[in-house]
Amino acid sequence: MGIRDRLGHPIPWFWKQYLYTAALPTYSIDRVAGDNGRETVTLSWDDPAFEMPLPVVVEGETRRLEMPGGQGKLEVATGTAVEVDPQGWVLAEGPEKEACLARRKDQYRENGAAAAADDSSTCGVAAARGEGE
């Protein structure tokens, strides 16, 4: 059984991005406060044709955020932490991933492999609580 049969639809955006493009896909995070104590968190792929769903963690609950048209939205209470791909399952770049990787590289350089391995972070992206954004 092929992937198309298993999913029930073709995924040309996946093959185009991972087989025919050298750069990793990149997503961005935008938070817009509402006037009801809630805010909308929007995740967007740099290529709107790329529709890879992203795992997100909100208040300890892991969700699969579908990304039709390269964009997905969720509404949360203002200031709620939203972690995007905290396990690093999706091969992609995000807003804080580069900083995390640089931090781990510095840890390795300063303290050796054991110290870097002790860091429980997987360099998944954690979106800040919306403060100062």
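How many bridges pair β1 with strand β2 (residues 38-45), and in which sense do the two run? I started my look-up there. I found seven bridges, and the pairing is antiparallel. Worth remembering while reading on: this is a predicted model.

**Entry: the chain overall**

I listed the elements next. The chain has three helices and seven strands. Going from the N terminus, I read the order as α-α-β-β-β-β-β-β-α-β. I also checked burial: 32% of the 133 residues count as buried. Then I looked at contacts between residues at least 6 apart in sequence, and 58% of those join residues at least 24 apart.

**Entry: the sheet with β1 and β2**

Back to the strands. I traced an open sheet of three strands, in the order β1-β2-β5, with antiparallel pairing. Which strands stand at the edges? They are β1 (27-33) and β5 (71-77); each has a single partner strand, so one side of each has no neighbour in the sheet. I noted the twist too, which averages 20 degrees from one strand to the next. To pin down one pair in the β1-β2 match, I looked up R31 and found that its bridge partner in β2 is V41.

**Entry: G37**

I moved on to the loop between β1 and β2, where G37 is found. Is G37 buried, exposed or partly exposed? Its relative accessibility is 46%, and the partly exposed class runs from 20% to 50%, so G37 counts as partly exposed. I then asked what G37 is in contact with, leaving aside its neighbours within four places in sequence. I got A77 and T78. For T78 I also took the spacing: G37 and T78 are 41 residues apart in sequence, yet 5.5 Å apart in space, C-alpha to C-alpha. A77, the other contact of G37, falls within the span of β5 (71-77).

**Entry: the largest pocket**

Last item of the day. How much space lies in the largest pocket? I have it down as about 270 Å³. Its lining is made of 15 residues, and those nearest the centre are W13, E51, P53, R64 and E66. I checked which elements give two or more residues to this lining, and they are α1 (3-7) and β3 (54-58). I sorted the lining by type as well: 11 residues are nonpolar, one is polar and three are charged.

How values were computed: Residues are numbered from 1 along each chain as its sequence is written. This is a predicted model: local features need pLDDT of at least 70, side-chain atom pairs count only at pLDDT 80 or more; totals for chains, interfaces and linings use all residues. Side-chain values use heavy atoms; hydrogens and water are left out. On a 1 Å grid over the protein atoms alone, a cavity is a set of points where a 1.4 Å probe fits but cannot get out, and a pocket is an open set with protein on both sides within 12 Å along at least five of seven lines; lining residues have an atom within 4 Å of a point. Grid points are joined across faces, edges and corners, and a volume is the space filled by probe spheres set on the points. Helices (H or I, at least four residues) and strands (E, at least two) are DSSP runs, numbered from the N terminus. Ala, Val, Leu, Ile, Met, Phe, Trp, Tyr, Cys and Pro count as nonpolar, Asp, Glu, Lys and Arg as charged, and the others, Gly among them, as polar. Two strands pair if DSSP finds at least two bridges between them. Axes are lines fitted to C-alpha atoms, for helices over the stretch in contact, and angles run from 0 to 180 degrees between N-to-C directions. Buried means under 20% relative accessible area, exposed over 50%, partly exposed in between (1.4 Å probe, protein chains only). Contact means heavy atoms within 4.5 Å.
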